[in-house]
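Reader: Could you take a close look at the salt bridges in this one for me? I'd like to hear how the partners sit and what they connect.

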Amino acid sequence: NASIPVSKLPEELLVEVFSWLGPVVSTAGVASPWLPSAGACRRWREVICSNPQFWRKILVYKSVFWMTTSLARCRGVPVDIIFLAEHFPHRDLAVLLSDHVSSIRSLEFRHTLPEWAASISALLMAHTMPILERLT
């Protein structure tokens with residue numbers, strides 16, 4: 001693969017191309033426009049996984065692993081987290097987000113059940129979120 005022209009593109013150009021991709025929803029319920037590109041080859045995966053730009057908006061369905069991996073890859077850049085499914089283990093929310101509260105710019109809870117309220121309250125009471133701009 002290293003001999004084909006696309007493999008010789010500089011990382012900055014690949015990042016720009018990936019940032020123009022449209023939305024895609026995988027069968028795992030993880031929506032990320034660049035996700036299919038990460039599976040194309042090792043280099044593209046390394047570029048995507050190592051660039052915090054691709055991890056600034058985290059769409060969470062039910063996977064704790066996806067959320068924690070995404071937060072680790074954002075490496076402290078301001079992040080927007082959107083919870084899109086009621087089946088996420090919300091009781092662990094304060095613990096799962098504790099190491100990343102200083103980089104959370106927005107939290108959005110869609111399609112959540114009323115019992116999420118206690119978990120959200122516990123999160124907000126347990127941590128100061130210095131850059132939080134939006135909570136919906």
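Author: Let's settle one term up front: buried means under 20% relative accessible area, exposed means over 50%, and partly exposed is in between (1.4 Å probe, protein chains only). Also, this is a predicted model, where local features need pLDDT of at least 70 and side-chain atom pairs count only at pLDDT 80 or more, while totals for chains, interfaces and linings use all residues. Residues are numbered from 1 along each chain as its sequence is written, and side-chain values use heavy atoms, with hydrogens and water left out.

Searching the whole structure turns up three salt bridges, each being a side-chain nitrogen of Lys or Arg within 4 Å of a carboxyl oxygen of Asp or Glu.

Start with E108, which is buried at 12% relative accessibility. E108 pairs with R110, 2.5 Å from N to O, and R110 is partly exposed at 37%. E108 also meets R134, this time at 3.3 Å. Since R134 lies in strand β4 (residues 134–135) and E108 in strand β3, this pair ties together parts 26 residues apart in sequence; strands here are DSSP runs (E, at least two residues), numbered from the N terminus. R134 is partly exposed too, with a relative accessible area of 40%. Through shared partners, E108, R110 and R134 form one network.

Then there's R105 with D80, whose closest N and O atoms are 2.8 Å apart. R105 lies in β3 (residues 104–109) and D80 in β2 (residues 79–83), so this bridge links parts 25 residues apart in sequence. D80 is buried at 18%, whereas R105 is partly exposed at 22%.

Key
Helix = DSSP H or I, 4+ residues; strand = E, 2+ residues; numbered from the N terminus.
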